[in-house]
Amino acid sequence: MALAEDKVREALKQVIDPELYVNIVDLGLIYLVDVKDEKEDGRHDVYIEMTMTSPMCPAGPQLVAGTKGAAEGLEEVDTCEVKVVMEPAWTPEKMTDDARDHLGIF
């Protein structure tokens, strides 16, 4: 059965920014989730583009590793490649309403 992008995004919600205590999906750090075609074994490769809240984010390596691990933790995922992009630049407008509420941003 084909793996849906929504399932991958839901798995990525377990990755929490250690400074802001909000998951990376609600923070708006995930720009692209590309689920590749199903392989003969029923698994998929996944390609993710994500950003950081700032270019020198100290949690960057941890967030990238967490993203890769969360995606590859799904039984339907074979491998996951994560690319960090800085364009377009992240802004607080990319956050969900829940994330803004949690951080007190209105």
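The expected span of a helix is 1.5 Å times one less than its number of residues. Keep that rule at hand for the exercises below.

The model is predicted, so local features need pLDDT of at least 70 and side-chain atom pairs count only at pLDDT 80 or more, while totals for chains, interfaces and linings use all residues. Residues are numbered from 1 along each chain as its sequence is written, and side-chain values use heavy atoms, with hydrogens and water left out.

**Exercise 1. Find the annotated domain and describe its make-up.**

Step 1. Start with the record: an unreviewed UniProt entry places "domain: MIP18 family-like" at residues 5–84. UniProt positions are given in the numbering used here, feature names are shortened, and annotations may be inferred rather than shown by experiment.

Step 2. Look at the secondary structure. Helices (H or I, at least four residues) and strands (E, at least two) are DSSP runs, numbered from the N terminus. Over residues 5–84, the chain is 26% helix and 26% strand. The end C-alpha atoms of this stretch are 18 Å apart.

**Exercise 2. Check the span of α2, then work out which way its buried residues face.**

Step 1. α2 has 13 residues, and from its first C-alpha to its last it reaches 18 Å, close to the 18 Å expected at 1.5 Å a residue.

Step 2. Now pick out the buried residues. Buried means under 20% relative accessible area, exposed over 50%, and partly exposed in between (1.4 Å probe, protein chains only). In α2, the buried residues are G60, L63, T67, A70 and A71.

Step 3. Seen down the axis of α2, these buried residues fall within an arc of 100 degrees, so they line one face of the helix. The arc is that of the directions from the helix axis to the C-beta atoms. A general rule helps here: an α-helix has 3.6 residues a turn, so residues three or four places apart point the same way.

Step 4. What covers this face? The cover over the buried residues of α2 includes α1, β2 and β3.

Step 5. For contrast, take G69, which is also found in helix α2. At 41% relative accessibility, G69 counts as partly exposed.

**Exercise 3. Do the same for α1.**

Step 1. In α1, V8, A11 and L12 are buried. They cover an arc of only 100 degrees around the axis, which puts them on the same side of α1.

Step 2. Turn to the other side of α1, where D6 and E10 are exposed.

Step 3. The buried residues of α1 pack against β1, β2 and α2.

**Exercise 4. Locate the largest nonpolar core and explore one of its residues.**

Step 1. A nonpolar core is a set of buried Ala, Val, Leu, Ile, Met, Phe, Trp, Tyr and Cys residues joined through side-chain atoms within 4.5 Å. The largest one has 29 residues, and those with the most contacts inside it are V8, L12, I24, V46 and I48.

Step 2. The elements that give two or more residues to this core are α1 (5–12), β1 (30–35), β2 (44–50), α2 (60–72) and β3 (77–84).

Step 3. Zoom in on I24. Contact means heavy atoms within 4.5 Å. Not counting residues up to four places away in sequence, I24 touches L12, V15, L29, I30, M50, L63 and T67.

**Exercise 5. Decide whether C57 and C80 are bonded or unbonded.**

Step 1. A disulfide is a covalent bond between the sulfur atoms of two cysteines. The test used here is a pair of cysteine sulfur atoms within 2.5 Å.

Step 2. A search of the whole structure finds 0 disulfides. The sulfur of C80 is 18 Å from the closest cysteine sulfur, in C57, too far for a bond.

Step 3. Place the two cysteines. C57 is found in the loop between β2 and α2 and counts as buried at 9% relative accessibility. C80 counts as buried too, at 4%.

**Exercise 6. Inspect the backbone at Y21 and P88.**

Step 1. Y21 lies in the loop between α1 and β1. Its phi is positive, about 60 degrees, although Y21 is not a glycine. With a relative accessible area of 60%, Y21 is exposed.

Step 2. P88 lies in the loop between β3 and α3 (97–103). The peptide bond from E87 to P88 is cis, with omega near -5 degrees.
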